[in-house]
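Trainee: I have a model open on my screen and would like to learn how to read it. Could you take me through it feature by feature?

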Amino acid sequence: MESLFGSAEIIGYHLLKAQLQLGSSIPRPKAAQWLTAFGNSPAVDDQGRVEAAWDLAELEGHLDDGARLLARLAADRALDPDPRSWAAEILSGLEGYASAGAALLLQFIDDPAPSLDSILIAVRALARIEGHGSLGVQLLTECAMDPGTEDHLRCMAADFLTELDEHRESGAALLLDLAQYGSVTAARYLSNMDEPDREDGVGLLTAFAGDSATQPDDRAWAAEALARAGYQDRAARLLTELARETPPGSHSQLAAVERLVELDAEAAAELILPVVTGRSIHPSNRLRGLRLLARSTTHQGEAARQLAGIAADTTAEESDRVDAAAELARLDGHREEAVGVLFGIARDGGAPVWDRITAASELAERREERSAELLSAFAADPTAPRNARAMAARALAKLDGHRAAGLRLLAALANDPRAGKMDRTNAATSLATLDLQRIRR
């Protein structure tokens with residue numbers, strides 16, 4: 001166990017966490033020692049360090065130790081803002097530490113360095129702490145009413161108010177005011193609430209989606225929100241109208257049809273067919289259109305023909321060829337053809353490395369055993385971008401029979417002291433989401 005957990009590296013933390021959740025008979029003093037080391041280790045990503053401190057606080061007899069570690073992390077400006085705020089919020093929920101957590105949240109809120117998004121999340125946590133909620137409510141209200149603040153942040157603040165029982169109505173009133181002045185975001189929040197606020201949201205979303213004065217992307221987003229609220233027929237009608245009003249092959253038209261295809265694949269295909277068979281559409285938009293056409297039973301053959309042409313075109317951008325081949329592989333009767341193209345690109349030393357790794361990852365998604373050797377080489381290649389190496393290692397870990405090798409490669413990237421913090425966090429996040437641990441929070 002010392003060799004597994006004593007290194008204070010990220011793979012050790014995830015293994016220890018899994019054992020604790022399984023109820024394994026690990027001596028509690030040793031578990032506390034290891035969790036403390038993980039919480040203090042710069043080799044573990046920031047979120048992992050906070051979670052290790054939380055695990056320590058929940059370990060029998062170590063509440064105070066975990067609380068002290070959480071407080072240190074919350075005050076550590078070397079950590080990213082969101083994990084710091086989360087550490088303070090967790091601390092405030094521990095028995096006897098509400099005031100200490102609230103004080104750290106206030107310190108965080110007064111810090112000019114974090115973004116307003118992060119600060120709002122901290123204010124939301126403050127508003128939930130008994131004895132400190134009034135200040136949090138005041139700050140959320142001020143943000144929601146501030147005309148100088150960005151629309152999405154004002155809506156976020158108002159929505160956070162609706163989560164508090166005593167302030168639900170005031171938060172909904174602020175959202176309604178924002179929606180009536182043109183905020184699709186506010187209308188979407190209202191549509192997710194109970195009646196009568198839901199009815200207000202649905203009515204406003206319908207108005208936005210059908211209003212030619214509203215930006216096309218906002219109209220499409222409003223219609224999508226209507227569908228999620230249970231008004232699929234209305235959303236489909238409004239998306240069809242929008243697609244017919246926007247320039248053929250434009251981003252706006254494709255954005256509308258991409259949402260329509262989830263509701264009516266054949267109607268979406270009828271709208272996009274004249275576009276993808278024309279000559280004036282941009283290559284990347286043509287690919288977007290062909291993906292939509294491929295969802296149609298009636299027109300799938302036409303989509304396959306054009307996708308095969310792009311995939312086989314050695315004069316086209318490699319990224320477009322990879323995308324076309326990946327889509328083609330999903331269609332009945334075209335897997336072998338598409339796999340051949342993907343292998344050709346993955347093995348082409350003259351192609352951009354990112355496109356080669358993407359091609360190999362697509363092969364792994366299709367359970368092609370031969371992709372394992374390619375992905376292993378890419379993940380270990382010091383000349384490749386680190387985010388691309390992490391992508392290769394993750395794809396390898398998802399391939400049957402190669403899980404352990406992929407996890408080891410991801411752990412090496414997450415623990416590499418020469419890597420930048422963002423690259424290490426990217427690898428660490430991949431580790432945490434590959435079912436290496438049981439997710440409980």
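Mentor: Gladly! Before we start, keep in mind that this is a predicted model. Which line-up of helices and strands do you think the chain has?

Trainee: I would rather hear it from you. How many helices and how many strands are there?

Mentor: The chain has 26 helices and zero strands. Along the principal axes, its C-alpha atoms fill a box of roughly 70 × 55 × 35 Å.

Trainee: What share of the residues is buried?

Mentor: Of the 441 residues in the chain, 51% are buried. You can also look at contacts: among those with a separation of 6 or more, 52% are between residues 24 or more positions apart.

Trainee: Let's turn to pockets. How does one find empty space in a model?

Mentor: The general idea is that a probe the size of a water molecule, rolled over the atoms, shows where empty space is left. Here, take the second largest pocket, with a volume of about 170 Å³.

Trainee: Which residues line the second largest pocket?

Mentor: The lining is made of Gln47, Asp82, Pro83, Ser85, Trp86, Glu89, Ile121, Arg124, Ala125 and Arg128. Two elements, helix H6 (81-92) and helix H8 (116-127), each give two or more residues to this lining. H6 provides the largest share, five residues.

Trainee: And how do the lining residues divide into nonpolar, polar and charged?

Mentor: There are four nonpolar, two polar and four charged residues in the lining of the second largest pocket.

Trainee: Trp86 has a ring. How many aromatic pairs does a search of the whole structure find?

Mentor: It finds two aromatic pairs. To read such a pair, look at the distance between the ring centres and the angle between the planes; an angle over 60 degrees counts as edge-to-face. In one pair, Tyr13 and Phe38 have ring centres 5.7 Å apart and planes at 65°, so they are edge-to-face. This pair links distant parts of the chain, with Tyr13 in helix H2 (residues 10-22) and Phe38 in helix H3 (residues 28-40), 25 residues apart.

Trainee: Are Tyr13 and Phe38 buried or exposed?

Mentor: Compare each relative accessible area with the cut-off: buried means under 20%. Tyr13 has 2%, so this residue is buried. Phe38 has 0%, so Phe38 is buried too.

Trainee: What about the pair with Trp86?

Mentor: Trp54 and Trp86 are also edge-to-face, at 5.8 Å centre to centre with 85° between the planes. They join distant parts of the chain as well: Trp54 belongs to helix H4 (residues 46-58) and Trp86 to helix H6, 32 residues apart. Trp54 is buried because its relative accessible area is 18%, while Trp86, at 23%, is partly exposed.

Trainee: Can a charged side chain go with a ring, too? What lies over the face of Tyr189?

Mentor: Arg188 does, at 5.2 Å from the ring centre.

Trainee: Now the backbone. What should I look for there?

Mentor: As a general guide, most residues other than glycine have a negative phi, and most peptide bonds are trans. Two places here are worth a look. Glu195 and Pro196 are joined by a cis peptide bond, with omega about 5°. Pro196 sits in the loop between helix H12 (184-191) and helix H13 (197-210).

Trainee: And the second place? What is phi of Arg367?

Mentor: Phi of Arg367 is near 60°, a positive value in a residue other than glycine. You will find Arg367 in the loop between helix H22 (353-365) and helix H23 (371-380).

Trainee: Could we finish by practising on one residue? Where is His132?

Mentor: His132 is in the loop between H8 and helix H9 (133-145). With a relative accessibility of 25%, His132 counts as partly exposed. Setting aside neighbours within four places in sequence, His132 is in contact with Ser99, Ala102 and Leu126.

Trainee: How do I compare distance along the chain with distance in space?

Mentor: Put the two values side by side. His132 and Leu106 are 26 residues apart along the chain, and their C-alpha atoms are separated by 10.0 Å. For Gly340 and Gly96, 244 residues apart along the chain, the C-alpha separation is 63 Å. Gly340 itself is in helix H21 (residues 335-346).

Definitions and conventions:
Residues numbered from 1 in each chain as written. Predicted model: local features only at pLDDT ≥ 70, side-chain atom pairs only at ≥ 80, totals over all residues. Heavy atoms only, no water. 1 Å grid on protein atoms, 1.4 Å probe; cavity = no way out; pocket = protein on both sides within 12 Å on 5 of 7 lines; lining within 4 Å. Points joined across faces, edges and corners; volume = space filled by probe spheres on them. Helix = DSSP H or I, 4+ residues; strand = E, 2+ residues; numbered from the N terminus. Nonpolar A, V, L, I, M, F, W, Y, C, P; charged D, E, K, R; others polar. Phe/Tyr/Trp six-rings, centres within 6.5 Å; stacked < 30°, edge-to-face > 60°. Buried < 20%, exposed > 50% of the residue type's maximum accessible area, 1.4 Å probe, protein only. Lys NZ or Arg CZ within 6 Å of the ring centre and 35° of its normal. Contact = heavy atoms within 4.5 Å.
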